[in-house]
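Good morning, and thank you for joining. Please look at the sequence and the model on the screen before we turn to confidence and to empty space.

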Amino acid sequence: MKSLFLSILAMVFLSGCVPEPTPPQPQKACMSAGQLNGYGYDHLEKVAKLLREDKKNIESFEIFITVMKGTVDNYSDMIKSSLYISNVVRFLPIPYAGEVSNTTKLISKTVLNLGGAASTLNRYKNSSETFLAGFDKLNRSTAKASDISKLAVYADTKLLSDAKDLENSLNEISSSTAAMAATTQSIADALDTTGNYVNQAKSFVGLAQPNGDDKSKVVQNRNSINARMIQLNQKIAALEKSGESHRYNIAKARVYSELAVQLEQ
């Protein structure tokens, strides 16, 4: 932000100016407050346009969270409903969840993360709507520099903060979902393997052979989790991309509008 401010400040006061007269006189700004104001408005307009374009994507987050919750519930039911699967989870060296207690914690953590994502999503939606409502009240030719500056500050301190919180929440879901995927794949491998470890575990805990329904549940859960992970990573990537654009335009809008405020004083 500081380097951007300095570069724009240099452009405003130096770019396109006539050579310094003799004797030296105080340098005047090469851009008027009105011009700076217009530039600030233009960058906020880009933010508003992108927010409106992303509206469908943001709304789909709510559907995704609901679907993901169903995936976690199915995963939990799979572990609880089969004695064989629960014993496999307990005794086999499964990455991230080597025992049932850890698997239960993993499920609880994912559910908690989903709840957190729902809350951060609501905050981001509210701050987006507040920004858009504020922008729609502005007119490029008549808006005061102080009004544009105020909206740019709101976007910088509130809108971007809420967007980052949502991104962090989704990354937490991604982490726990990856653990679920690794666990499910390990269960699937255990059901198909004939290795010594599995045979020893069977003799130690008296495991019976898994039935076809067990294997089918594991495959379905594995495929469902993997599909959710792909969707989640796509949403995170889209959010990161729009966030970069927002940060750039909001930073420039804030600098231009604050310079305009100073020139108007």
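How many cavities of 30 Å³ or more does a search of the whole structure find? The search finds 2. Please bear in mind throughout that this is a predicted model.

I shall take the largest cavity in some detail. Its volume is about 40 Å³. The residues lining the largest cavity are Leu160, Ala163, Lys164, Glu167, Leu239, Gly243 and Arg247. Two elements, H6 and helix H8 (212-264), each give two or more residues to that lining. H6 provides the largest share, with 4 residues. Sorted by class, the lining of the largest cavity holds 3 nonpolar, 3 charged and 1 polar.

Next, the pockets. The largest pocket encloses about 190 Å³ of space. Helix H5 (100-136) and helix H6 (145-192) are the elements that contribute two or more residues to its lining. Here too H6 gives the largest share, again 4 residues. The full lining of the largest pocket consists of Thr130, Gly134, Lys137, Leu138, Asp147, Lys150, Leu151 and Tyr154. By class, these divide into 3 nonpolar, 3 charged and 2 polar residues.

The second largest pocket has a volume of about 160 Å³. Which elements each supply at least two residues of its lining? They are H2, helix H3 (55-81) and H5. H5 gives the most, with 5 residues. Among the lining residues of this pocket are Leu51, Arg52, Lys55, Tyr124 and Glu129. The lining comprises 5 charged, 4 nonpolar and 1 polar residues.

H2 deserves a separate word. The helix covers residues 33-53, which is 21 residues. From its first C-alpha to its last it reaches 30 Å, close to the 30 Å expected at 1.5 Å a residue. Its buried residues include Leu36, Tyr41, His43, Leu44, Val47 and Leu51. Leu51 is thus both a buried residue of H2 and part of the lining of the second largest pocket.

Finally, confidence. The protein chain averages a pLDDT of 81, and 76% of the residues score at least 70. Where is confidence lowest, and where is it highest? The lowest mean, 50, belongs to helix H1 (residues 2-14), and the highest, 93, to H2. Over residues 12-21 pLDDT stays under 50. For that stretch the model has 16 contacts beyond four places in sequence.

Thank you; I would be glad to take questions.

Definitions and conventions. Residues numbered from 1 in each chain as written. Predicted model: local features only at pLDDT ≥ 70, side-chain atom pairs only at ≥ 80, totals over all residues. Heavy atoms only, no water. Expected span 1.5 Å × (residues − 1). Buried < 20%, exposed > 50% of the residue type's maximum accessible area, 1.4 Å probe, protein only. pLDDT = per-residue confidence, 0-100. Contact = heavy atoms within 4.5 Å. 1 Å grid on protein atoms, 1.4 Å probe; cavity = no way out; pocket = protein on both sides within 12 Å on 5 of 7 lines; lining within 4 Å. Points joined across faces, edges and corners; volume = space filled by probe spheres on them. Nonpolar A, V, L, I, M, F, W, Y, C, P; charged D, E, K, R; others polar.
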